[in-house]
Amino acid sequence: MRDLTGRRRARRLGTGAVVVLALAAMNGPWLYRFGTERYHRYEIDRPEYKAANGHWEIVEFPEEYRQDTIHAALLRTGKVLLVAGSGNKQENFDAKKFDTRLWDPVRGTVKKIPTPKDLFCTGHTQLADGRLLIAGGTKRYEKLKGDVTKAGGLMIVHNENPDRPVTLPAGTRFTGRGNGRTFVSRDPVLVPRARKVFDRAGRFVRNDPGLGRIYVEAQRSGTRYETGTQDNYRVRGLTGAEARDTYGIAQKLALDKKDFQGIRDAFEFDPVAERYIRVDPMNEARWYPTLTTLSDGKVLSVSGLDDIGQLVPGKNEVFDPATKRWAYTPKVRQFPTYPALFLMRNGKVFYSGSNAGYGPDDVGRKPGIWDVSTNEFTELPGLSDPDRLETSGTVLLPPAQDERYLVIGGGGVGESALASRKTRLIDLRAPEPRFVDGPALEWGTRYPQASVLPDDTVLVSGGSRDYRGRGDSDILQARIYHPDSGRFTRVADPLVGRNYHSGSVLLPDGRVMFFGSDPLYGDRANTRPGSFEQRIEIYTPPYLYRGSRPSLGAGPERIVRGGSGTFVSPHAASIRKARLIRPSAATHVTDVDQRSIALGFSVAGDRVTVRVPADRNLVQAGWYMLFVDDDQGTPSRARWVRVVP
């Protein structure tokens with residue numbers, strides 16, 4: 001456990017620490033450290049302390065089941081899918097070693113799941129039937145400047161033939177008409193046919209060429225093969241009209257850093273069969289995409305780096321679970337990678353400005369309300385530290401009916417050392433929604449983890465003060481945010497630092513699990529490489545140390561949206577609250593699935609009848625955890641309920 005600062009120690013330990021301090025004065029520094037640590041462990045294990053602050057415990061899998069977990073999703077079976085893919089390790093990628101684990105937190109069992117593609121930095125969301133949709137991942141790891149040996153970059157292939165598309169295989173050679181240098185494609189490319197353009201009188205004006213994007217690189221290593229300016233490239237092997245109609249245009253092809261490249265592959269994970277099932281691939285390759293479920297159960301896929309390592313140029317698409325197919329949205333809109341996008345009660349999409357990773361600092365960064373059908377985007381004012389939203393967290397505050405959001409911390413774009421202490425609140429029900437500041441954090445915080453709890457509070461924990469935990473800057477603090485008062489309450493400190501590639505998931509028993517952390521360095525001087533945190537940590541909130549908890553027994557597994565369901569509970573008379581909480585699918589400070597919906601309820605004897613709202617924008621079809629809270633604010637264990645249209 002990391003040593004606590006004197007100020008925090010004084011606040012946490014109270015007057016009992018006087019004895020330890022006296023012993024330390026007589027026996028020197030070693031006894032001081034040993035004594036304070038031992039006393040601290042004693043203090044945080046006291047029942048009174050747990051009842052006020054909660055408690056943390058570490059779960060370590062057997063060595064053969066450990067992995068570098070990047071993504072985690074709670075399945076309707078109560079098990080947690082832990083996805084690593086190649087786990088941010090080039091050697092795993094090269095060896096095609098892709099990992100997934102399925103953890104049962106009740107039985108304590110772990111199972112290895114065959115992983116068909118590198119799902120490192122994929123996107124995911126819960127589907128209505130309980131499956132998890134997973135789309136995108138890694139085609140190629142980045143290469144930093146200095147590691148790149150062959151000049152390369154983006155080639156735009158033009159097809160001026162309006163009668164047919166052109167397919168160029170991998171290995172196609174492009175030779176510059178001006179520079180004379182030859183570059184080779186790494187993948188096949190399909191270039192659509194040209195589009196004929198006519199004027200208002202119906203007269204032919206021109207052909208707008210079809211365009212295809214492909215990554216090319218020099219045949220040999222060295223700086224002599226770099227190009228400095230745009231050039232037109234002929235396609236080797238083509239003759240006649242085909243050679244005239246098909247050509248490439250590229251800007252600088254150089255030894256610059258090459259970013260990660262994405263894949264188009266998509267899968268559903270079946271929680272019953274416990275395996276991945278392939279569905280149709282996306283139209284665009286994506287690495288770092290966000291998947292957001294819409295009111296009709298279809299899934300919006302946004303942003304990511306494409307198959308040549310560039311930010312997807314606003315070509316968003318929608319997955320239909322009924323047909324397993326993808327279709328482009330009517331118009332384009334570009335966001336940075338992993339944008340925080342939430343379905344609103346009016347059917348539009350709220351973008352908080354939170355994001356993780358890649359994209360220009362002047363493209364798609366401003367928060368607003370997006371009408372996907374018309375592409376209208378209304379910016380929202382008042383956001384503090386607007387240049388520090390990358391790696392910030394956003395959570396829909398409970399209950400979801402209130403449409404209030406909390407934006408937490410964040411940092412400057414890229415590897416910036418800037419980090420924000422701000423939290424920002426916005427009420428989307430207001431006549432003119434506007435961000436206002438919430439309670440400040442003690443430190444500027446990147447990568448905060450936030451989980452909605454069944455008592456209508458939000459646990460906010462972890463993060464780091466610098467990019468990927470540089471300078472030993474992990475923040476070992478946790479707070480509970482109270483939406484009713486707008487205040488934070490400090491609770492027990494986590495035992496493990498969490499920064500990049502970390503997250504949290506609410507479990508059906510009311511506890512919260514934390515996973516991952518991928519620091520650049522392992523010391524304050526930034527000289528020793530960091531190591532991926534493979535341990536899982538569980539936080540038990542104070543509400544589970546109040547003695548008995550209410551129980552929720554037999555009842556329906558399916559409830560029609562707008563309908564009701566009756567459950568047996570011997571504690572029915574003490575119940576004061578009922579909530580439906582959508583299970584999390586978390587990664588990279590992004591979890592747009594979680595939401596807690598207030599239910600109307602009535603009590604008769606040992607029966608509790610809950611009523612599900614009819615609004616499909618509020619209650620998306622799918623599986624939920626149903627919690628009831630008693631008059632002490634203690635939640636039951638959840639029952640799984642499927643809401644159907």
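1. A good place to start is the aromatic cluster that Phe93, Phe120, Tyr141, Phe260, Trp287, Tyr288, Tyr338 and Tyr358 form together. Please keep in mind throughout that this is a predicted model. Across the structure, the count of aromatic pairs comes to 24. One of them joins two members of the cluster: tryptophan 287 and tyrosine 358 sit edge-to-face, with 5.3 Å from centre to centre and 70° between the planes.

2. What does this pair tie together? Tryptophan 287 belongs to the loop between strand S21 (275-279) and strand S22 (290-293), and tyrosine 358 to the loop between strand S27 (349-351) and strand S28 (368-371), so the pair links parts that are 71 residues apart in sequence. Tryptophan 287 has a relative accessibility of 0% and counts as buried. Tyrosine 358, at 18%, is also classed as buried, because the cut-off for that class is under 20% relative accessible area.

3. Phenylalanine 93, another member of the cluster, deserves a look of its own. You will find phenylalanine 93 in helix H5 (residues 90-94), and its relative accessibility of 16% makes it buried. Leaving aside residues up to four places away in sequence, phenylalanine 93 touches Ser86, Phe98, Asp118, Thr138, Lys139, Arg140 and Tyr141. Tyr141 is thus both a contact of phenylalanine 93 and a member of the aromatic cluster. For orientation, phenylalanine 93 and glycine 136 are separated by 43 residues in sequence and by 15 Å in space, C-alpha to C-alpha.

4. Turning to charges, the count of salt bridges comes to 44. One of these is formed by aspartate 99 and arginine 101, whose closest N and O atoms are 4.0 Å apart. Are these two residues buried or exposed? Both aspartate 99 and arginine 101 are buried.

5. Aspartate 472 and arginine 524 form another salt bridge, with 3.9 Å between the closest N and O atoms. Aspartate 472 lies in the loop between strand S35 (458-461) and strand S36 (478-482), while arginine 524 lies in the loop between strand S39 (512-516) and strand S40 (536-540), so this pair ties together parts that are 52 residues apart in sequence. Aspartate 472 is partly exposed, at 27% relative accessible area, whereas arginine 524 counts as exposed at 65%.

6. In a further salt bridge, the side chains of aspartate 606 and arginine 607 meet at 2.6 Å, N to O. Aspartate 606 is partly exposed at 37% relative accessibility, and arginine 607 is likewise partly exposed at 37%. It is also worth displaying the network of salt bridges that links Asp129, Arg131, Glu268, Asp270 and Lys324.

7. Now to the open spaces. The largest pocket has a volume of about 900 Å³. Which residues lie nearest its centre? They are Asn88, Glu142, Tyr467, Arg468 and Leu520, out of a lining of 37 residues. By class, the lining of the largest pocket comprises 15 nonpolar, 11 polar and 11 charged residues.

8. The second largest pocket holds about 710 Å³ of space. Its lining numbers 24 residues, with Arg213, Arg264, Asn283, Glu284 and Asp307 nearest the centre. Two elements, strand S13 (189-191) and strand S16 (210-218), give two or more residues to this lining, and S16 gives the most, with five. The residues lining the second largest pocket divide into 12 nonpolar, three polar and nine charged.

9. Finally, the enclosed spaces. A search of the whole structure turns up 10 cavities of 30 Å³ or more, and the largest cavity contains about 140 Å³ of space. Of the 14 residues lining the largest cavity, Gln449, Ala450, Val589, Thr590 and Asp591 are closest to its centre. At least two lining residues come from each of strand S30 (393-396), strand S34 (449-452) and strand S38 (502-506). S38 supplies the largest share, three residues. In the lining of the largest cavity, nine residues are polar, four are nonpolar and one is charged.

Key:
Residues are numbered from 1 along each chain as its sequence is written. This is a predicted model: local features need pLDDT of at least 70, side-chain atom pairs count only at pLDDT 80 or more; totals for chains, interfaces and linings use all residues. Side-chain values use heavy atoms; hydrogens and water are left out. On a 1 Å grid over the protein atoms alone, a cavity is a set of points where a 1.4 Å probe fits but cannot get out, and a pocket is an open set with protein on both sides within 12 Å along at least five of seven lines; lining residues have an atom within 4 Å of a point. Grid points are joined across faces, edges and corners, and a volume is the space filled by probe spheres set on the points. Ala, Val, Leu, Ile, Met, Phe, Trp, Tyr, Cys and Pro count as nonpolar, Asp, Glu, Lys and Arg as charged, and the others, Gly among them, as polar. Helices (H or I, at least four residues) and strands (E, at least two) are DSSP runs, numbered from the N terminus. Buried means under 20% relative accessible area, exposed over 50%, partly exposed in between (1.4 Å probe, protein chains only). Contact means heavy atoms within 4.5 Å. Rings of Phe, Tyr and Trp (its six-membered ring) pair if their centres lie within 6.5 Å; planes under 30 degrees apart count as stacked, over 60 as edge-to-face and the rest as tilted.
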